[in-house]
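Colleague: Could you take me closely through one part of this model, the strands and the helix beside them, and then place that part among its neighbours? I would like the reasoning laid out with some care.

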Amino acid sequence: MSAPLLTLEGVHTHIGAYHILHGVDLVVPRGELTMLLGRNGAGKTTTLRTIMGLWKASTGRVTFDGRDITAAQTPAIAQAGVAYVPENMGIFADLTVSENMVLAARGAKSAEAIDAKRLDWIFSLFPALKKFWLHPAGLLSGGQKQMLAVARAIVEPRALLLIDEPSKGLAPSIIQNMIVAFRELKGTDTTILLVEQNFNFARQLGDSVAVMDDGRIVHSGAMAELAEDEDLQQKLLGLSLAAHQ
Amino acid sequence: MFARLFSRLFSQDAPRSRVLLVLLLAVFIGLAFAPFLVHGAKPLNVAAKICIFIVLVASFDLLLGYTGIVSFAHTMFFGIGAYGVAIGFTRLGPNWGALAAGIAGALMLSLLLSLLIGLFSLRVRAIFYAMITLAVASAFQTLASQLSDFTGGEDGLNFKLPEVLTPGFSLREEPFLGVSLDGKLISYYLVFVAAVILFLLMLRVVNSPFGRVLQAIRENDFRAEALGYRTVVYRTLSNVLSAGFATLAGALLALWLRYNGPDTSLSFEIMIDILLMVVIGGMGTMYGAVIGAALFIIAQNYLQDLMKLGSEALAGVPLLANLIHPDRWLLWLGVLFILSVYYFPTGVVGRLRKS
Amino acid sequence: MSTSIPAPAAASTDALPRTRLDYIPLLLAPALALIALPLIGSFPTWVTLTIAGLAMGMIIFIIASGLTLVFGLMDILNFGHGVFIALGAFLATTVLGSMADWTASESLWRNLLAVLPAMVVAMGVAGAVGLAFERIIIKPVYGQHLKQILITMGGMIVGEELIKVIWGPQQIPLPLPGGFKGAILLGEAAVEKYRLIAVVIGLAVFASMFWVLARTKLGLLIRAGVQDREMVESLGYRIERLFVGVFVAGSALAGLGGVMWGLYQQNVVPQMGAQVNVLIFIVIIIGGLGSTGGCFIGALLMGLLANYSGFLAPKVALFSNIGLMVCILLWRPQGLYPVAKR
């Protein structure tokens with residue numbers, strides 16, 4: 001088994017006076033989709049932001065592809081091959097869908113320069129983006145914005161995708177779209193760390209799972225195990241698969 | 001017992017530093033006995049100006065240091081106070097009634113304007129607000145110079161003071177300790193005593209529960225709001241108080257100069273001077289106003305003499321001579337100002353208190 | 001070229017509304033001009049005043065555009081922006097002064113060949129000083145608005161004094177080069193040559209800014225950065241470098257504007273930075289902090305209004321700027337084109 005792509009060791013993060021992460025130890029295996037679950041306020045978003053360098057870990061270490069990125073700057077981390085889809089999607093509302101994509105495609109100077117095959121694949125996953133290609137992104141619906149956010153992260157091949165609650169507030173049919181898209185993504189040898197609260201969504205996609213509570217990882221292992229163990233689900237997430245969505 | 005009395009007088013706001021205490025005492029004694037310590041019109045002028053600016057800068061510190069609001073319209077209230085007295089004496093003659101009327105009118109106008117501006121500041125971001133106060137102050141200055149019937153226009157207003165305050169008046173024929181007890185002396189002590197009272201009042205304000213809430217708002221207005229304080233009310237009140245004290249400082253200025261014009265109290269240069277004084281002295285300390293004003297005004301008047309010596313010595317070297325030219329004293333104070341914002345954000349007072 | 005990228009929204013079976021350009025502000029300047037016409041009475045006078053207003057507006061735009069761009073992108077309000085304007089103007093006196101024979105000449109081309117170096121020098125030096133200003137004075141206080149205001153003010157004080165050190169404290173005349181002087185006749189209307197030149201240059205600057213912002217990836221980065229700095233960094237761009245670049249460009253533009261402003265007034269004083277500061281702040285507030293288009297319209301409105309009211313009601317003219325600001329803010333409290341920040 002190859003070395004994990006991303007590891008966090010004993011990471012503590014403080015935001016001002018608040019101590020949010022209390023020693024996070026996380027391993028993200030290469031080429032898999034790892035789910036990061038937990039209730040509101042558990043520290044999942046903070047974990048992603050710390051990896052991305054938007055907030056700095058006060059102690060501990062973050063290693064990506066063998067490199068220590070704990071103190072690295074966000075642009076450098078992104079250039080090393082990490083793509084981040086934040087909870088609020090980070091869409092540039094005044095820019096068109098096309099312009100959003102051009103920005104995300106660091107190698108392209110204009111829309112024409114984006115890899116056509118890649119773009120076709122993205123359009124096949126998210127047809128709405130093709131339809132509204134020249135429209136300001138701010139006019140898209142919530143689900144479409146979410147699709148754009150994910151599309152931006154995959155317009156060029158990246159080694160690691162950090163995705164924060166992509167299914168939040170989306171209609172079930174669109175969530176299905178997302179699930180299909182992520183399944184296809186998994187096939188492209190990309191490593192994904194996905195934060196979710198929707199366990200059904202998680203269960204269909206995750207290879208590994210880590211559960212957070214109070215700024216710590218309280219469980220980690222294979223998704224299949226957790227999916228079968230209803231008692232464990234109840235204990236960790238306060239629910240059982242059948243009861244939730 | 002004396003200690004307790006003193007403590008209450010100063011609203012329990014101790015200097016908290018030996019050196020600072022010494023400096024403050026020096027300033028106080030210097031100002032209190034100025035007519036006896038120095039001779040001539042200029043030094044007395046400098047002393048009076050220091051008294052007036054201590055009040056003005058302290059009132060600005062109330063707004064900037066304690067409430068965290070940057071406003072460039074402060075000179076406007078200074079000017080209103082000065083014009084109030086000037087117009088009062090011009091229109092109603094050299095009597096105390098005129099003085100009272102002038103001050104009352106000025107305070108009312110300041111109250112109204114500061115209320116409006118204060119409420120406006122709450123709707124907009126700090127930077128937006130700062131820029132708008134700049135524009136308003138500039139417009140007000142233009143207004144003052146245009147309403148010449150009322151304000152004397154560009155030339156300003158010259159007026160006479162009540163007899164007691166005129167140089168011609170004497171309390172006693174023989175001089176006391178070498179100083180003639182004339183109206184000028186009385187004027188000076190009027191300004192001095194008023195300044196002391198106003199300063200102590202401001203000290204009381206910032207050390208009151210009201211003052212503490214202001215500081216809480218300055219640090220984190222969200223939290224203050226969450227704790228139940230209506231930040232709107234506090235900010236507006238702070239604006240009004242600050243404007244009021246500035247207005248009174250302006251009244252003192254007019255009283256001392258027996259003249260007022262658009263450049264005497266409304267110019268942008270004065271606004272910059274206030275900024276320099278409050279930052280170098282120490283924001284949010286009140287005592288910073290004392291130190292800052294004293295330092296700045298003494299430098300303004302006497303540093304130049306020092307620089308003149310240096311400039312003459314370097315007469316041969318073109319650029320260097322220019323740098324030390326006495327007229328360029330503001331350059332060095334500006335540099336000191338920038339360094340203060342970086343390295344001594346709490347100014348001289350803060351630095352002294354740390355050590 | 002990928003065939004999957006669709007043609008422009010002509011084939012609109014979309015549920016989305018077509019993007020409607022907010023066109024009302026665009027009509028303000030023409031509307032003002034039209035209203036002024038009957039008030040002024042005489043068409044030739046109106047033409048003269050309008051061109052004068054446009055010229056003034058263009059220069060104001062050049063000066064203010066850098067400030068609004070810097071603010072929009074970096075959230076920094078540079079109270080010292082006036083220093084670069086003054087610097088540009090004073091450099092012009094030196095450069096043009098040394099080319100006295102070229103400027104005295106009546107030939108338009110010789111004049112241009114004299115003014116062009118003045119502009120280039122002004123832009124270059126202002127840009128360089130801008131770089132120093134940004135790295136030394138502004139960078140340490142990123143994100144601290146209070147300190148920024150204070151420190152940039154301090155920068156302006158020091159800058160003004162340094163100008164006095166180098167060029168002296170008195171005002172210096174900056175006469176128009178021979179070929180720029182005088183007026184040409186458009187029908188019955190006398191239009192000053194320099195004003196026309198200013199309009200042309202202003203339009204050229206605006207057009208280039210527009211092109212860069214709308215058609216290049218750099219412009220894309222700037223527009224995105226104005227909205228969401230953090231996301232731009234997350235996409236892998238070193239936004240701090242962009243900041244510095246934009247600041248330098250803004251300062252260079254201010255330098256250029258200074259040259260033109262100096263020639264417009266035919267006079268430069270060390271205090272011109274502070275004097276112009278109030279003006280440009282009003283303009284960018286009117287336009288919407290961070291909006292280049294709004295700044296352009298606001299500048300034109302200001303120039304036109306100043307000239308019309310100067311002719312119609314000179315006493316009122318002194319307050320035309322602040323009056324305009326109040327009117328616009330009452331209608332749109334965030335300015336003409338507020339920038340949508342995250």
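Modeller: Two strands are taken to pair if DSSP finds at least two bridges between them, and with that criterion in hand the sheet of chain A can be read from one of its edges, bearing in mind that this is a predicted model. Strand S4 (residues 57–64) of chain A is joined to S5(A) by 2 bridges, and the two strands run antiparallel. Thr63(A) has Asp68(A), in S5(A), as its bridge partner.

This pair belongs to an open sheet of 4 strands in chain A, with the order S2-S1-S4-S5 and antiparallel pairing. Its edges are strand S2 (18–28) and strand S5 (67–68) of chain A, each of which pairs on one side only. In general, strands of a sheet pair through backbone hydrogen bonds, either parallel or antiparallel. Across strand S1 (6–15), S2 and S4 of chain A lies helix H1 (residues 44–52) of chain A, which runs at about 75° to S2(A).

Elsewhere in chain A, helix H3 (residues 97–104) meets a helix of another chain: its axis and that of helix H8 (residues 217–227) of chain C come within 10 Å and cross at roughly 105°. Since angles of 65 to 115 degrees count as roughly perpendicular, H3(A) and H8(C) are therefore described as roughly perpendicular to each other. On the chain A side the contact is made by Glu99(A), Val102(A) and Leu103(A), and on the chain C side by Lys217(C), Leu220(C), Leu221(C) and Ala224(C). By class, the residues of this contact divide into 5 nonpolar, no polar and 2 charged.

Chain C also touches chain B, with 31 residues of chain B in contact with 29 residues of chain C. On the chain B side, two or more residues each come from helix H7 (126–146), helix H14 (268–281), helix H16 (318–323) and helix H17 (329–343) of chain B, and H7(B) gives the largest share, 12 residues. The residues of that side divide into 23 nonpolar, 6 polar and 2 charged.

As for confidence, chain A averages a pLDDT of 88, and 96% of its residues score at least 70, although the value stays under 50 over residues 240–245 of chain A. The mean for chain C is 84, with 93% of its residues at 70 or more, while over residues 1–15 of chain C the pLDDT is below 50. For the complex, the predictor gives an ipTM of 0.90 and a pTM of 0.82.

Definitions and conventions
Residues numbered from 1 in each chain as written. Chains lettered and ligands numbered in written order. Predicted model: local features only at pLDDT ≥ 70, side-chain atom pairs only at ≥ 80, totals over all residues. pLDDT = per-residue confidence, 0-100. Contact = placed C-beta atoms within 7 Å. Axes fitted to C-alpha atoms, helices over the stretch in contact; angles between N-to-C directions. Parallel < 35°, antiparallel > 145°, perpendicular 65-115°, else oblique. Nonpolar A, V, L, I, M, F, W, Y, C, P; charged D, E, K, R; others polar.
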